[in-house]
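This note is meant for a colleague who is opening the structure for the first time. The points below can be read with the sequence and the 3D view side by side.

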Amino acid sequence: MTSNDKAERSARLSTVRRVVDGVRIATLHGEIDHDEMDVLREALLPEGEPVLPVVADMSGVTFLDSSGINALLTVHQQVSAAQAWLRLAAPTANVRRVLALIGVDTVIDCHPTLEDALKA
C-alpha cells in the first residue's frame, strides 16, 4: 500500500518519503541543521501536495540543531492547523536527548519505533 515514493538528497541530509494508508512517512538520514531546513520541510510537508498526517522516521538522524527543531515545530503547527498531526519515530539517542532537553517531546509525539508511531 505504498504510493508516491520520492527521494531527495542534499549535502548532509537525505530523505525518502512515501504515503502509506493516508500517512506521509518521511525517512530521514544525516544531519539536520540550518542548511538542511528546506529539505526537512519539503520531506514532511511537500509544497503543492495535500496536508497529511506525518511520521518522521528519525532513526538515521545523527545531528539536530535549533534550526531543525524550529522546522519541526513549524511543520507541527501547520499540520495541526489542517487537522492532521506530526509524530517523530525512533530518534537516535543524541537526537532524543536534544528533543527532551528542549521539551519538543512534550509538544510533538515521539515514539520508539516507526510501527509505534503509525499505531498511536
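1. Two strands are taken to pair if DSSP finds at least two bridges between them. The model is a predicted one, and in it strand 2 and strand 3 (residues 23-32) are joined by 8 bridges and run antiparallel. Within this pair, Arg18 stands opposite Ile25 of strand 3. The hairpin made by strand 2 and strand 3 has 2 residues between the strands, and Asp21 takes a positive phi near 50 degrees there.

2. Asp21 deserves a second look, since its phi is positive although Asp21 is a residue other than glycine. Most residues other than glycine have a negative phi. Asp21, in the loop between strand 2 and strand 3, is exposed, with a relative accessible area of 58%. Gln83 also has a positive phi, near 65 degrees; Gln83 lies in the loop between helix 2 and strand 5 and counts as exposed, at 72% relative accessibility.

3. Is Arg17, a residue of strand 2, buried or exposed? With a relative accessible area of 7%, Arg17 is buried, because that value falls under the 20% cut-off. Strand 2 (residues 13-20) is mostly covered, with 6 of its 8 residues buried. The side chain of Arg17 makes a polar contact of 3.2 Å with the side chain of Glu49, and a polar atom of the Arg17 side chain lies 3.5 Å from the backbone oxygen of Glu42.

4. Glu49 also forms a salt bridge with Arg24, the closest N and O atoms being 3.2 Å apart. This pair links distant parts of the chain, with Arg24 in strand 3 and Glu49 in the loop between helix 1 and strand 4, 25 residues apart. Arg24 is buried, at a relative accessible area of 1%, whereas Glu49 is partly exposed, at 23%.

5. The count of salt bridges comes to 7. One of them joins Asp35 to Arg12, with the closest N and O atoms 3.2 Å apart; these two residues are 23 residues apart, Asp35 in the loop between strand 3 and helix 1 and Arg12 in the loop between strand 1 (2-9) and strand 2. Asp35 is exposed, with a relative accessible area of 55%, while Arg12 is partly exposed, at 30%. Both belong to a network of salt bridges that links Arg12, Glu31, Asp33, Asp35 and Glu36.

6. Where do the buried residues of helix 1 lie around its axis? The buried residues are Met37, Val39, Leu40, Ala43 and Leu44. They cover an arc of only 165 degrees, which means that they are on the same side of helix 1. These buried residues pack against strand 2, strand 3, strand 4 and helix 2. Helix 1 also holds the salt bridge of Arg41 with Asp38, whose closest N and O atoms are 3.1 Å apart; the two residues are 3 residues apart, about one turn of the helix.

7. The largest nonpolar core has 27 residues, and those with the most contacts inside it are Leu28, Met58, Leu72 and Leu86. Two or more residues come from each of strand 3, helix 1, strand 4, helix 2, strand 5 and helix 3. Another core, of 7 residues, lies apart from it and has Val20, Val23, Ala89 and Leu114 among its members. Leu72 touches several residues distant in sequence, including Leu40, Leu44, Met58 and Ile108.

Terms used:
Residues numbered from 1 in each chain as written. Predicted model: local features only at pLDDT ≥ 70, side-chain atom pairs only at ≥ 80, totals over all residues. Heavy atoms only, no water. Helix = DSSP H or I, 4+ residues; strand = E, 2+ residues; numbered from the N terminus. Buried < 20%, exposed > 50% of the residue type's maximum accessible area, 1.4 Å probe, protein only. Polar contact = N/O pair within 3.5 Å; in protein donor to acceptor, adjacent residues only side chain to side chain. Core = buried A, V, L, I, M, F, W, Y, C linked by side-chain atoms within 4.5 Å. Contact = heavy atoms within 4.5 Å. Arc of directions from axis to C-beta. Salt bridge = Lys/Arg side-chain N within 4 Å of Asp/Glu carboxyl O. Lists of a residue's contacts leave out its neighbours within four places in sequence.
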